[in-house]
Structure formats: structure tokens, C-alpha cells
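Got your viewer open and a cup of something warm next to you? Let's take a walk through this protein, one selection at a time.

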Amino acid sequence: MQRSTTLTLDSAKVLRSNLIQRPKARSPLLMLSAEKDGCRSNSVYNPYNDRVYETKSDFSGYRFLGNSDVFSEKRIDLPPLESFKGSHFKIWREGEENVKHMLMDDEDPFCDEIPHAAEDLRGRLWVDDKNGNYVVVWQFEMYPFLGFCRTGDDHYREIPTELEVQRELRGLNDMVLKGYNLYVYATREFIRHLDLSGQDEDGFKDVSEKHRLPMWRPSMTMKERERMKQKRSIPSNKGIAVTRAGQVLVVFTYDLGTSESHRMFHLYKRDPKDLDPKTLDTRLLEVHSLGDEALFYDLGITVPADHTLGIEPNSIYFTRDDRICHNKLSCLDIGVFNLATKTVKRFHGLSNFNFNDAQWFLPS
């Protein structure tokens, strides 16, 4: 499952904190951060008993990029960011707080040096619960490459997102890491699927399906447009999620702005006939139910519903929809959306606590 990563510009690390009192696992939990963008996390909220648990560990100066079971003191040391090795870009440190990158271009000795602070860093982490093996993928937001490493690596490898990439698969709007599979929602709305388990020099292999058309949302009928107009719905964001079976879903988020339940989600998948070479035109199919699965949008993955653990079926757990790429209008919005009833469950007890960011996670 996916766990928490705390990457810093001093040294990239993964920490899982120990709590003063561990909450009983009758619900997915929220990791709360006193600072915007999760730069520090020192408490956990349990919706089951409407209670916050303080952590013993001090996470000052750490940047949380993912989600975790935070109840173990085990620490995984990752390579520093400047260990990055690539054929197109190089990274180095400048001072205590910043690193820089630049394009390696022999024909242009005056390439720009781009500085980065912690706020520019976005990433995903996956840890195997059985053997502890892990994969980390990160990017400097809005720049054309990713860095990744796996268990045992002493440096990060490069994944270009623009250079030497097929046109339809260039760019990055969102990404999901599920095991050794990295799914990238490209700028042209195709899905780039990379296998990160490779042992060659690059360490990854492109296994993307060959689709002729992007994952565009189907046109709404007049009735749907009128209904959306009546609800005053405003498109907020779109990203991707991956089911347990490995199916990629496009997730559209809408702001209703009319009541406390002002969040709406629509999920879409490809029509299976899209891979048929005889197919001239296809439309995405709306997914009206996740069945016995729940989507944790912070992680971009679905997990089995479990009533004993408080994981509700056919539901979407959300906090904000711009974990990978910033949305200028983004704001923290915590709830659980039920796909069947189109309603949102809120947690009113959170209003009693002072925090600026939060992420869902599943205790193991």
C-alpha cells in the first residue's frame, strides 16, 4: 500500500512517527498538518471517536508528500536529491534551503539554472507491507522530468516527461503510483504507464496501451447541463485514480457552492472497444459505482471496503484535489462522498482544531 514520505531538501527521508496513544483502527485516519502543504505533521484525527492524537516525533522542516501508517518508529533513509543521475538534467545543492536543476545541453553553455524550494516538490511513495520494499517518485512541479528510486538504490534515476517522449504521452497533469506501476496523466489526456521494476540502466519501461483518442469526458446532454446549471456546479479539477484491478479512472471534481455538501465527483473509464483498430470513435463510460471498493483520492487508489475498519463501500475519501499539480483555487475540503447517494459526509469535530492541511491514510 502507499505510505507517507517526508522528503526534505537536506536529505530525503521517510519517517513514521510514534503516537502518545494509538487510536483504535475503526476508521481511516487523517494526518493533520499545522502548516499549509503538509510541511509539518504532528497529530492524527480519528473520525470514529472525533478525537485528535498528538505525535511524539518532531517533524519540523519535513515535507510530507504522501500518506502513511504513522505508528511505527522504523525509518527509511533515502538518497539526497542531489544524487539524481540523468541524461537530460542535473541537480545540485546551493545553500541549506535550496537545490537547483538545469538542462544539460552541450550546444547552449548558458542554460538557465532553476532554483527550487521545498514547496516545489511533489511526489508519491509505495511500500510493500510484506517485505518493506519501496518505490519513491518525485518531481519539481511544472518541470519536465521525474526522479525515482527503489529499495537499495543510492541515487535517483531520471524519467523525462517531455524530451524523447511520444507526443501524446508528454507532460504531467497527475500521477499515481501503485506498486512498481506509475500512471501519468499526460497533458494531452492520454495515460502513460511505466513499469519501474526494470533492472536496466534507465530502470523503467514504457508499457502504455496504444490508444488513438485521449481520455476526454463525454459531452453532456442538455438535461445534464441544465441540472449542473441549477446546482451552480463549477468544474474544479480533474485527475486520475487506479482501481485494485489496475483500471485507470479519470476523476472530475465539481464545486457546487450551494450548501455544506458542495463537492461532486464524476468517474469515467475507457470503453473496452477503444483498443479495437476498427473503432473510429469512442467515448468514456461513466462509472456509477465502485462496488465494494473505496477511493482514497489523496493516494489515487482504491482499496477494499471494510465495515469493521470503517472503510465505506462505493465512496471517495478526499481532502484536496491538487496534491501533484497546484490548483490556484485549491482549498482544503475534507469529507467522504457517496457515489450512490451523491451526498457528502462531513466531520464537524475538525472545526475545533487548528490545522491547515490534512491527508487520509489507512492504519495497518
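Here is a tour of a few stops, each with something to select and something to look for.

**Before you start: colour by confidence**

Keep in mind that this is a predicted model. Colour the chain by pLDDT: the mean is 78, and 71% of the residues reach 70 or more. Now select residues 1-21, where the pLDDT is below 50, although this stretch has 111 contacts in the model beyond near neighbours in sequence. Where pLDDT is low, the predicted coordinates should not be read in detail.

**Stop 1: a three-stranded sheet**

Select strands 7, 8 and 9. They form an open sheet in the order 7-8-9, with antiparallel pairing. Which strands stand at the edges? Strand 7 (89-94) and strand 9 (114-116) do, and each has a single partner strand, so one side of each is left without a neighbour in the sheet. Turn the view a little: on average, neighbouring strands of this sheet are turned by 30° against each other, direction ignored.

Zoom in on strand 7 and strand 8 (residues 98-103), which run antiparallel and are joined by six bridges. Strands of a sheet pair through backbone hydrogen bonds, either parallel or antiparallel. For one example, click tryptophan 92, whose bridge partner in strand 8 is lysine 100. While you have tryptophan 92 on screen, show lysine 90 too: its charged end sits over the ring of tryptophan 92, 5.9 Å from the ring's centre.

**Stop 2: rings meeting rings**

Next, show the aromatic side chains. The count comes to 16 aromatic pairs. A pair of aromatic rings is described by the distance of the centres and the angle of the planes.

Pick phenylalanine 84 and tryptophan 138, a tilted pair with 6.0 Å centre to centre and 55° between the planes. This pair links distant parts of the chain: phenylalanine 84 is in the loop between strand 6 (75-77) and strand 7, while tryptophan 138 is in strand 11 (residues 134-140), 54 residues apart. Are these two buried or exposed? Both phenylalanine 84 and tryptophan 138 are buried.

Now jump to phenylalanine 296 and tyrosine 317. Their rings are stacked, at 4.4 Å centre to centre and 5° between the planes. Phenylalanine 296 lies in strand 22 (residues 293-296) and tyrosine 317 in strand 24 (residues 315-318), so this pair ties together parts that are 21 residues apart in sequence. Phenylalanine 296 is buried at 0% relative accessibility, and tyrosine 317 is buried too, at 2%.

Go back to phenylalanine 84 and add some company: ring pairs link Phe84, Phe89, Trp138, Phe140, Phe145 and Tyr156 into a cluster.

**Stop 3: an enclosed strand**

Select strand 19 (residues 248-255). Seven of its eight residues are buried, so strand 19 is largely enclosed by the rest of the structure. Add strand 20 (residues 263-269), which runs antiparallel to strand 19 and is joined to it by six bridges. Among the partners to click, threonine 253 is bridged to phenylalanine 265 in strand 20.

**Last stop: one leucine**

Finish with leucine 194, in strand 16 (residues 191-195). Leucine 194 has a relative accessible area of 0%, so it counts as buried. What is it in contact with, leaving aside neighbours within four places in sequence? Show Ile159, Tyr180, Asn181, Leu182, Phe204, Lys205, Asp206 and Val207. Try a distance label between the C-alpha atoms of leucine 194 and asparagine 181: they are separated by 5.8 Å, though the two residues are 13 residues apart along the chain.

Notes
Residues are numbered from 1 along each chain as its sequence is written. This is a predicted model: local features need pLDDT of at least 70, side-chain atom pairs count only at pLDDT 80 or more; totals for chains, interfaces and linings use all residues. Side-chain values use heavy atoms; hydrogens and water are left out. Helices (H or I, at least four residues) and strands (E, at least two) are DSSP runs, numbered from the N terminus. Buried means under 20% relative accessible area, exposed over 50%, partly exposed in between (1.4 Å probe, protein chains only). Contact means heavy atoms within 4.5 Å. Two strands pair if DSSP finds at least two bridges between them. Axes are lines fitted to C-alpha atoms, for helices over the stretch in contact, and angles run from 0 to 180 degrees between N-to-C directions. Rings of Phe, Tyr and Trp (its six-membered ring) pair if their centres lie within 6.5 Å; planes under 30 degrees apart count as stacked, over 60 as edge-to-face and the rest as tilted. A charge sits over a ring if NZ of Lys or CZ of Arg is within 6 Å of the ring centre and within 35 degrees of the ring normal. pLDDT is the predictor's confidence in each residue, from 0 to 100.
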